[in-house]
Amino acid sequence: MFTGIIEEIGEITAIAESGDGWRLTVRAPKAAADAVHGESIAVSGVCLTVVGSTAETFDADVMKQTLDVAALGTASVGTRVNIEKAMPVGARLGGHIVQGHVDGTGVVLEVRPGAQWSVLRISLPDDLAPLVVDKGSISVDGTSLTVSAVSPSTPSTGSGTQEGSGTQEGSGTQDGSGTQDGSGARGGHWFEVSLIPETLAATTLGTRAVGDRVNLETDILARHVERLLAFRAAPEGGSR
């Protein structure tokens, strides 16, 4: 379990094929310093298990399903990644509950830099759109963010937008801010997050550009509600 508060920016230093998956070596001195075999570390929002470590690096296996579902599947040596170690019991929940289970990916559609923050507009796969709400929480590349605007529930074919009012900014790396691809096409679903200077500096989101693919994990509460409602719907002509 994670909180979406990024602890450091790491770098992939080696990728070795392992069956139909990969074994990654990630340079992340803070995380590797006391990493132990079997513990969980989120790499750009993907929960991975440590299988080996040195003073500055750790190794983790990535299965094919994860490579297919997450943007991590397009990573290469030199790719910078957001790093967060698992939350200890009793610690403050600085962001929101993040499992490290990526729901899908989105594409950066627009970057709007401001005087003190930057706004990213990111595409949403159709099946994830109902789970993302204005002022709700979302994890983008493992970073806990507050949604500052969402597309209409029924996207139009025009270029008009429906934006939430204002932004909600937090402290640290929480701010007004699987193969499911956001198409980025006009008229598709999208959401926006507003990134404060700390987030721009402390995560890889500060260097994101239009066309970049990012990992998305929606709020676990929204996913549970959606599943419960699906079971509560009585079959036609029958009863629960």
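How many bridges join β1 to strand β2 (residues 21-27)? Seven bridges join the two strands, which run antiparallel. The model examined here is predicted.

The β1/β2 pair belongs to a closed barrel. Six strands make up this barrel, in the order β1-β2-β5-β4-β3-β6, and their pairing is antiparallel. With direction ignored, neighbouring strands of this sheet are turned by 45° against each other on average.

Within the β1/β2 pair, S18 stands opposite G21 of β2. The two strands form a hairpin with two residues between them. G19 in this hairpin takes a positive phi near 65°. On its other pairing, β1 (residues 8-18) meets strand β6 (residues 80-85). That contact is antiparallel and consists of four bridges. G10 has V81 in β6 as its bridge partner.

From β2 the order of the barrel continues to β5. Six bridges join β2 to β5, and the two strands run antiparallel. Here R27 stands opposite T57 of β5. Strand β5 (residues 57-62) also pairs with strand β4 (residues 46-53). This antiparallel pairing runs over three bridges. S53 finds its bridge partner in F58 of β5. A hairpin is formed by β4 and β5, with three residues between the strands.

Strand β3 (residues 40-43) is the next neighbour of β4 in the barrel order. Four bridges hold β3 and β4 in antiparallel pairing. Across this pair, I41 stands opposite L48 in β4. β3 and β4 likewise form a hairpin, with two residues between them. In its turn, S44 has a positive phi of about 50°.

A further closed barrel is present. Its six strands run β7-β8-β11-β10-β9-β12, again with antiparallel pairing. The twist averages 45° from one strand to the next. Within this barrel, strand β8 (residues 118-123) pairs with strand β11 (residues 190-195). Six bridges make up that antiparallel contact. The bridge partner of L120 in β11 is V193.

Ring contacts were also searched. Zero aromatic pairs are found in the whole structure. A charge does lie over a ring, however: R121 is placed over the face of W190, at 3.7 Å from the ring centre. R121 falls within the residue range of β8, and W190 within that of β11.

Attention then turned to open space. Rolling a probe the size of a water molecule over the atoms shows where empty space is left. The largest pocket has a volume of about 320 Å³. Its lining comprises 15 residues. Closest to the pocket centre are A75, T79, R80, R208 and R213. By class, the lining divides into four nonpolar, six polar and five charged residues. Strands β6 and β12 (213-218) each supply at least two residues of this lining. β6 is a strand of the barrel β1-β2-β5-β4-β3-β6. β12 is a strand of the barrel β7-β8-β11-β10-β9-β12. The largest pocket is thus lined in part by strands from both barrels.

Technical notes:
Residues are numbered from 1 along each chain as its sequence is written. This is a predicted model: local features need pLDDT of at least 70, side-chain atom pairs count only at pLDDT 80 or more; totals for chains, interfaces and linings use all residues. Side-chain values use heavy atoms; hydrogens and water are left out. Rings of Phe, Tyr and Trp (its six-membered ring) pair if their centres lie within 6.5 Å; planes under 30 degrees apart count as stacked, over 60 as edge-to-face and the rest as tilted. A charge sits over a ring if NZ of Lys or CZ of Arg is within 6 Å of the ring centre and within 35 degrees of the ring normal. Two strands pair if DSSP finds at least two bridges between them. Axes are lines fitted to C-alpha atoms, for helices over the stretch in contact, and angles run from 0 to 180 degrees between N-to-C directions. On a 1 Å grid over the protein atoms alone, a cavity is a set of points where a 1.4 Å probe fits but cannot get out, and a pocket is an open set with protein on both sides within 12 Å along at least five of seven lines; lining residues have an atom within 4 Å of a point. Grid points are joined across faces, edges and corners, and a volume is the space filled by probe spheres set on the points. Ala, Val, Leu, Ile, Met, Phe, Trp, Tyr, Cys and Pro count as nonpolar, Asp, Glu, Lys and Arg as charged, and the others, Gly among them, as polar.
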